[in-house]
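This briefing goes through the nonpolar cores, one helix and the internal cavities of the structure shown here. Please keep the sequence and the 3D view open while reading.

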Amino acid sequence: MTFLIDFLAQAAQMALVLALAPVLVGFTRKVKARLLRRRGAPILQPWYDIVRLLKKETVLAENASWLYRAAPYLIFATTWVAASLVPTFATGLMFNWAADLLALAALLGAGRFFLALAGMDVGTSFGGIGASREMMFGSLAEPATIMIVFAVSLIAGSTQLSEVAAFMSADFALRVSVLFALIALLIVAIAENGRIPVDNPATHLELTMVHEAMILEYSGRHLAVIEMAAALKLLLYVSLIGCVFFPFGLAAHDGGLAAFGAGALAYVGKLATAGFLLALFETQTAKMRVFRVPDFLGAGLMLGLLGALLVFVSRSL
(Lines give C-alpha, C1' and ligand atoms only; values in the text may rest on other atoms or scores of the structure.)
Protein backbone atom coordinates (compact mmCIF):
# COMPACT_ATOMS: atom_id res chain seq x y z
CA MET A 1 0.00 0.00 0.00
CA THR A 2 2.85 2.38 0.83
CA PHE A 3 4.45 1.68 -2.55
CA LEU A 4 1.16 2.49 -4.32
CA ILE A 5 0.79 5.80 -2.47
CA ASP A 6 4.37 6.78 -3.26
CA PHE A 7 3.87 5.85 -6.90
CA LEU A 8 0.65 7.86 -7.16
CA ALA A 9 2.27 10.87 -5.49
CA GLN A 10 5.18 10.78 -7.96
CA ALA A 11 2.80 10.34 -10.89
CA ALA A 12 0.74 13.28 -9.61
CA GLN A 13 3.83 15.47 -9.55
CA MET A 14 4.73 14.49 -13.11
CA ALA A 15 1.20 15.25 -14.28
CA LEU A 16 1.10 18.50 -12.30
CA VAL A 17 4.21 19.99 -13.88
CA LEU A 18 3.04 18.89 -17.33
CA ALA A 19 -0.35 20.54 -16.85
CA LEU A 20 0.88 23.76 -15.26
CA ALA A 21 3.85 24.51 -17.54
CA PRO A 22 1.82 26.06 -20.41
CA VAL A 23 -0.46 27.74 -17.86
CA LEU A 24 2.57 29.50 -16.34
CA VAL A 25 3.58 30.78 -19.78
CA GLY A 26 0.04 31.94 -20.48
CA PHE A 27 -0.26 33.63 -17.08
CA THR A 28 3.01 35.49 -17.62
CA ARG A 29 1.84 36.69 -21.03
CA LYS A 30 -1.51 37.75 -19.61
CA VAL A 31 0.04 39.75 -16.78
CA LYS A 32 2.52 41.34 -19.17
CA ALA A 33 -0.30 42.35 -21.51
CA ARG A 34 -2.27 43.84 -18.62
CA LEU A 35 0.75 45.81 -17.46
CA LEU A 36 1.03 47.18 -21.00
CA ARG A 37 -2.70 48.06 -20.91
CA ARG A 38 -3.70 45.40 -23.42
CA ARG A 39 -6.29 42.69 -23.04
CA GLY A 40 -3.97 39.84 -23.92
CA ALA A 41 -4.67 36.25 -24.89
CA PRO A 42 -6.39 33.81 -22.50
CA ILE A 43 -4.21 32.15 -19.88
CA LEU A 44 -4.83 28.77 -21.51
CA GLN A 45 -3.79 30.00 -24.95
CA PRO A 46 -0.46 28.07 -24.89
CA TRP A 47 -2.44 24.87 -24.35
CA TYR A 48 -4.74 25.78 -27.26
CA ASP A 49 -1.70 26.38 -29.48
CA ILE A 50 -0.11 23.06 -28.52
CA VAL A 51 -3.31 21.13 -29.25
CA ARG A 52 -3.70 22.96 -32.56
CA LEU A 53 -0.12 22.15 -33.57
CA LEU A 54 -0.61 18.48 -32.68
CA LYS A 55 -3.45 18.34 -35.22
CA LYS A 56 -1.45 19.94 -38.03
CA GLU A 57 0.61 18.16 -40.65
CA THR A 58 4.35 17.91 -40.04
CA VAL A 59 6.52 19.34 -42.82
CA LEU A 60 10.15 18.20 -42.90
CA ALA A 61 13.10 19.47 -44.90
CA GLU A 62 14.38 17.11 -47.59
CA ASN A 63 17.82 16.83 -46.02
CA ALA A 64 16.55 16.35 -42.45
CA SER A 65 18.14 13.36 -40.75
CA TRP A 66 16.75 11.02 -38.11
CA LEU A 67 18.24 13.29 -35.44
CA TYR A 68 16.06 16.17 -36.59
CA ARG A 69 12.98 13.98 -36.12
CA ALA A 70 14.05 12.54 -32.78
CA ALA A 71 15.41 15.75 -31.21
CA PRO A 72 12.02 17.20 -30.12
CA TYR A 73 11.13 14.04 -28.20
CA LEU A 74 14.60 13.80 -26.63
CA ILE A 75 14.44 17.46 -25.55
CA PHE A 76 10.96 16.99 -24.14
CA ALA A 77 11.92 13.79 -22.30
CA THR A 78 15.00 15.27 -20.61
CA THR A 79 13.17 18.45 -19.63
CA TRP A 80 10.09 16.65 -18.31
CA VAL A 81 12.20 14.27 -16.25
CA ALA A 82 14.19 17.18 -14.82
CA ALA A 83 11.04 19.16 -14.01
CA SER A 84 9.42 16.11 -12.39
CA LEU A 85 12.42 15.49 -10.13
CA VAL A 86 12.26 18.93 -8.48
CA PRO A 87 10.02 18.76 -5.36
CA THR A 88 6.90 20.82 -6.03
CA PHE A 89 4.23 20.07 -3.42
CA ALA A 90 6.04 17.38 -1.38
CA THR A 91 9.53 16.10 -0.62
CA GLY A 92 10.84 12.57 -0.37
CA LEU A 93 8.82 11.12 -3.25
CA MET A 94 9.62 7.86 -5.01
CA PHE A 95 12.34 9.29 -7.28
CA ASN A 96 13.81 11.43 -4.52
CA TRP A 97 17.16 9.62 -4.86
CA ALA A 98 17.55 11.05 -8.39
CA ALA A 99 16.49 14.61 -7.47
CA ASP A 100 20.05 15.89 -7.39
CA LEU A 101 21.26 19.32 -8.47
CA LEU A 102 24.09 17.83 -10.53
CA ALA A 103 21.66 15.45 -12.24
CA LEU A 104 19.41 18.38 -13.17
CA ALA A 105 22.37 20.26 -14.64
CA ALA A 106 23.28 17.18 -16.71
CA LEU A 107 19.72 16.75 -18.00
CA LEU A 108 19.45 20.41 -18.99
CA GLY A 109 22.83 20.22 -20.70
CA ALA A 110 21.68 17.19 -22.68
CA GLY A 111 18.56 19.04 -23.80
CA ARG A 112 20.65 22.01 -24.96
CA PHE A 113 22.95 19.65 -26.86
CA PHE A 114 20.10 18.01 -28.78
CA LEU A 115 18.49 21.39 -29.53
CA ALA A 116 21.71 22.80 -30.95
CA LEU A 117 22.24 19.70 -33.11
CA ALA A 118 18.68 19.95 -34.42
CA GLY A 119 19.18 23.61 -35.26
CA MET A 120 22.26 22.79 -37.37
CA ASP A 121 20.92 19.60 -38.92
CA VAL A 122 19.02 21.06 -41.90
CA GLY A 123 21.82 23.50 -42.71
CA THR A 124 19.90 26.79 -42.59
CA SER A 125 21.77 29.97 -41.69
CA PHE A 126 19.31 30.87 -38.94
CA GLY A 127 19.64 27.46 -37.33
CA GLY A 128 23.42 27.70 -37.34
CA ILE A 129 23.38 31.20 -35.85
CA GLY A 130 20.92 30.17 -33.14
CA ALA A 131 22.88 27.02 -32.28
CA SER A 132 26.19 28.90 -32.03
CA ARG A 133 24.64 31.52 -29.77
CA GLU A 134 22.96 28.87 -27.65
CA MET A 135 26.25 27.06 -27.08
CA MET A 136 28.05 30.33 -26.37
CA PHE A 137 25.48 31.19 -23.68
CA GLY A 138 25.58 27.63 -22.38
CA SER A 139 29.36 27.77 -21.98
CA LEU A 140 28.80 30.47 -19.35
CA ALA A 141 25.47 29.31 -17.93
CA GLU A 142 26.69 25.82 -17.05
CA PRO A 143 29.75 26.97 -15.03
CA ALA A 144 27.49 29.44 -13.23
CA THR A 145 25.09 26.60 -12.45
CA ILE A 146 27.94 24.48 -11.06
CA MET A 147 29.05 27.37 -8.84
CA ILE A 148 25.48 27.75 -7.56
CA VAL A 149 25.37 24.01 -6.85
CA PHE A 150 28.65 24.26 -4.92
CA ALA A 151 27.38 27.18 -2.85
CA VAL A 152 24.06 25.52 -2.02
CA SER A 153 25.64 22.13 -1.29
CA LEU A 154 28.21 23.72 1.04
CA ILE A 155 25.42 25.46 2.94
CA ALA A 156 23.02 22.52 3.15
CA GLY A 157 25.63 19.74 3.17
CA SER A 158 24.02 17.89 0.27
CA THR A 159 23.04 18.20 -3.37
CA GLN A 160 19.81 16.25 -2.88
CA LEU A 161 16.93 18.66 -3.36
CA SER A 162 14.78 17.18 -0.59
CA GLU A 163 17.62 17.54 1.91
CA VAL A 164 18.40 21.06 0.70
CA ALA A 165 14.74 22.07 1.06
CA ALA A 166 14.55 20.53 4.54
CA PHE A 167 17.70 22.36 5.64
CA MET A 168 16.60 25.71 4.21
CA SER A 169 13.16 25.51 5.80
CA ALA A 170 14.55 24.46 9.21
CA ASP A 171 17.54 26.82 9.27
CA PHE A 172 16.25 29.76 7.24
CA ALA A 173 18.46 32.81 7.74
CA LEU A 174 19.54 35.77 5.68
CA ARG A 175 22.99 34.88 4.38
CA VAL A 176 25.00 36.88 1.86
CA SER A 177 26.09 33.66 0.19
CA VAL A 178 22.47 32.55 -0.22
CA LEU A 179 21.56 35.93 -1.69
CA PHE A 180 24.43 35.71 -4.19
CA ALA A 181 23.38 32.18 -5.18
CA LEU A 182 19.76 33.30 -5.62
CA ILE A 183 20.68 36.24 -7.85
CA ALA A 184 23.02 34.03 -9.87
CA LEU A 185 20.29 31.42 -10.35
CA LEU A 186 17.85 34.12 -11.46
CA ILE A 187 20.36 35.30 -14.07
CA VAL A 188 20.90 31.75 -15.31
CA ALA A 189 17.15 31.09 -15.42
CA ILE A 190 16.51 34.21 -17.52
CA ALA A 191 19.28 33.29 -19.96
CA GLU A 192 18.38 29.60 -20.20
CA ASN A 193 14.74 30.36 -20.97
CA GLY A 194 15.50 33.07 -23.51
CA ARG A 195 13.63 35.78 -21.63
CA ILE A 196 14.22 39.53 -21.74
CA PRO A 197 16.90 40.97 -21.57
CA VAL A 198 18.75 37.99 -23.11
CA ASP A 199 16.16 37.12 -25.78
CA ASN A 200 12.61 38.08 -26.62
CA PRO A 201 10.31 35.05 -27.03
CA ALA A 202 7.61 37.24 -28.63
CA THR A 203 9.65 38.30 -31.68
CA HIS A 204 11.16 36.66 -34.75
CA LEU A 205 13.72 39.32 -35.61
CA GLU A 206 16.42 37.44 -37.49
CA LEU A 207 19.43 39.27 -36.08
CA THR A 208 18.52 38.65 -32.43
CA MET A 209 16.87 35.23 -32.44
CA VAL A 210 18.40 32.47 -30.34
CA HIS A 211 15.85 29.83 -29.35
CA GLU A 212 13.42 30.67 -32.16
CA ALA A 213 16.19 30.43 -34.77
CA MET A 214 16.87 26.79 -33.91
CA ILE A 215 13.23 25.72 -34.17
CA LEU A 216 12.29 27.87 -37.16
CA GLU A 217 12.00 24.85 -39.49
CA TYR A 218 9.85 22.76 -37.16
CA SER A 219 6.10 22.40 -37.59
CA GLY A 220 3.18 20.27 -36.49
CA ARG A 221 3.64 17.84 -33.64
CA HIS A 222 7.40 18.41 -33.55
CA LEU A 223 6.91 22.11 -32.86
CA ALA A 224 4.22 21.32 -30.29
CA VAL A 225 6.59 19.03 -28.37
CA ILE A 226 9.37 21.64 -28.45
CA GLU A 227 7.03 24.38 -27.23
CA MET A 228 5.91 22.11 -24.42
CA ALA A 229 9.54 21.44 -23.49
CA ALA A 230 10.25 25.20 -23.43
CA ALA A 231 7.31 25.75 -21.08
CA LEU A 232 8.51 22.90 -18.85
CA LYS A 233 11.97 24.44 -18.71
CA LEU A 234 10.57 27.74 -17.43
CA LEU A 235 8.51 25.92 -14.82
CA LEU A 236 11.56 23.85 -13.85
CA TYR A 237 13.60 26.92 -12.95
CA VAL A 238 10.72 28.47 -11.03
CA SER A 239 10.24 25.20 -9.14
CA LEU A 240 13.97 24.99 -8.45
CA ILE A 241 14.10 28.53 -7.05
CA GLY A 242 11.05 27.83 -4.91
CA CYS A 243 12.40 24.50 -3.65
CA VAL A 244 15.90 25.71 -2.77
CA PHE A 245 15.36 29.29 -1.61
CA PHE A 246 11.67 29.40 -0.64
CA PRO A 247 10.85 25.86 0.52
CA PHE A 248 7.72 26.87 2.39
CA GLY A 249 4.58 24.78 2.11
CA LEU A 250 6.29 21.58 1.02
CA ALA A 251 4.61 18.53 2.52
CA ALA A 252 6.36 15.41 3.75
CA HIS A 253 6.08 12.27 1.63
CA ASP A 254 3.89 10.66 4.33
CA GLY A 255 1.82 13.76 5.07
CA GLY A 256 -1.42 12.52 3.57
CA LEU A 257 -3.87 14.01 1.09
CA ALA A 258 -4.55 17.14 3.15
CA ALA A 259 -0.85 17.99 3.35
CA PHE A 260 -0.41 17.24 -0.36
CA GLY A 261 -3.33 19.53 -1.20
CA ALA A 262 -1.92 22.35 0.92
CA GLY A 263 1.48 21.85 -0.70
CA ALA A 264 -0.07 21.99 -4.17
CA LEU A 265 -1.85 25.25 -3.32
CA ALA A 266 1.40 26.71 -1.99
CA TYR A 267 3.16 25.61 -5.17
CA VAL A 268 0.54 27.26 -7.38
CA GLY A 269 0.97 30.43 -5.33
CA LYS A 270 4.72 30.35 -5.92
CA LEU A 271 4.17 29.92 -9.67
CA ALA A 272 1.72 32.83 -9.76
CA THR A 273 4.12 35.07 -7.83
CA ALA A 274 7.04 34.14 -10.07
CA GLY A 275 4.97 34.69 -13.22
CA PHE A 276 3.87 38.12 -12.04
CA LEU A 277 7.41 39.17 -11.09
CA LEU A 278 8.78 37.90 -14.40
CA ALA A 279 6.18 39.87 -16.37
CA LEU A 280 6.85 42.98 -14.28
CA PHE A 281 10.60 42.65 -14.84
CA GLU A 282 10.21 42.21 -18.59
CA THR A 283 7.97 45.27 -18.92
CA GLN A 284 10.58 47.39 -17.14
CA THR A 285 13.64 46.03 -18.98
CA ALA A 286 14.85 46.39 -22.55
CA LYS A 287 16.52 43.64 -24.52
CA MET A 288 20.30 43.90 -24.52
CA ARG A 289 22.59 43.36 -27.48
CA VAL A 290 23.65 39.80 -28.15
CA PHE A 291 27.30 40.58 -27.45
CA ARG A 292 26.39 41.93 -24.01
CA VAL A 293 24.87 38.62 -22.92
CA PRO A 294 28.25 37.09 -21.93
CA ASP A 295 28.73 40.01 -19.53
CA PHE A 296 25.29 39.33 -18.08
CA LEU A 297 26.04 35.63 -17.60
CA GLY A 298 29.53 36.43 -16.40
CA ALA A 299 27.97 38.41 -13.56
CA GLY A 300 25.97 35.32 -12.62
CA LEU A 301 29.12 33.20 -12.73
CA MET A 302 31.00 35.62 -10.47
CA LEU A 303 28.09 35.82 -8.01
CA GLY A 304 27.92 32.03 -7.82
CA LEU A 305 31.66 31.86 -7.30
CA LEU A 306 31.55 34.53 -4.59
CA GLY A 307 28.72 32.71 -2.85
CA ALA A 308 30.68 29.46 -2.82
CA LEU A 309 33.85 31.22 -1.61
CA LEU A 310 31.97 32.98 1.20
CA VAL A 311 30.56 29.68 2.44
CA PHE A 312 33.94 27.99 2.18
CA VAL A 313 35.72 30.79 4.05
CA SER A 314 33.06 30.93 6.78
CA ARG A 315 33.34 27.16 7.27
CA SER A 316 37.13 27.25 7.47
CA LEU A 317 37.28 30.04 10.08
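The bend at a residue is the angle between two axes, one fitted to the seven residues ending there and the other to the seven residues starting there. By that definition, helix α3 has a kink of about 30 degrees, centred on P72. The model is a predicted one, and the points below are grouped by topic.

**Helix α3**

- Helix α3 covers residues 66–85, 20 residues in number, and spans 29 Å from its first C-alpha to its last, which is close to the 28 Å expected at 1.5 Å a residue.
- The buried residues of α3 include L67, Y68, A71, P72, I75 and F76, and further along the helix T78, T79, A82, A83, S84 and L85 are buried as well.
- These buried residues of α3 pack against four other helices, namely α1 (2–35), α4 (101–121), α6 (161–170) and α9.

**Nonpolar cores**

- The largest nonpolar core holds 86 residues, and the members that touch the most others are L161, Y218, L235 and F245.
- Helix α9 (residues 220–245) gives this core its largest share, which amounts to 18 residues.
- Apart from this core lies another one of 6 residues, with F89, A90, A251 and F260 among them.
- When its neighbours within four places in sequence are left aside, Y218 is in contact with Y68, A71 and P72, and also with A118, L223 and I226; of these partners, Y68, A71 and P72 are buried residues of α3.
- As a general background to such cores, nonpolar side chains in soluble globular proteins tend to be buried together.

**Cavities**

- A search of the whole structure finds 3 cavities of 30 Å³ or more, and the largest cavity has a volume of about 150 Å³.
- The lining of the largest cavity consists of 14 residues, and those lying nearest its centre are L101, T145, V149, L185 and L240.
- Helices α4, α5 (125–156) and α9 each supply at least two residues of this lining, with the largest share, 5 residues, coming from α9.

**Residue V51**

- V51 is found in helix α2, which runs over residues 45–55.
- Is V51 buried, partly exposed or exposed? Its relative accessible area is 36%, and because buried means under 20% and exposed means over 50%, V51 counts as partly exposed.
- V51 and E142 are 91 residues apart in sequence, and their C-alpha atoms are 33 Å apart in space.

Conventions: Residues numbered from 1 in each chain as written. Predicted model: local features only at pLDDT ≥ 70, side-chain atom pairs only at ≥ 80, totals over all residues. Heavy atoms only, no water. Core = buried A, V, L, I, M, F, W, Y, C linked by side-chain atoms within 4.5 Å. Buried < 20%, exposed > 50% of the residue type's maximum accessible area, 1.4 Å probe, protein only. Contact = heavy atoms within 4.5 Å. Expected span 1.5 Å × (residues − 1). 1 Å grid on protein atoms, 1.4 Å probe; cavity = no way out; pocket = protein on both sides within 12 Å on 5 of 7 lines; lining within 4 Å. Points joined across faces, edges and corners; volume = space filled by probe spheres on them.
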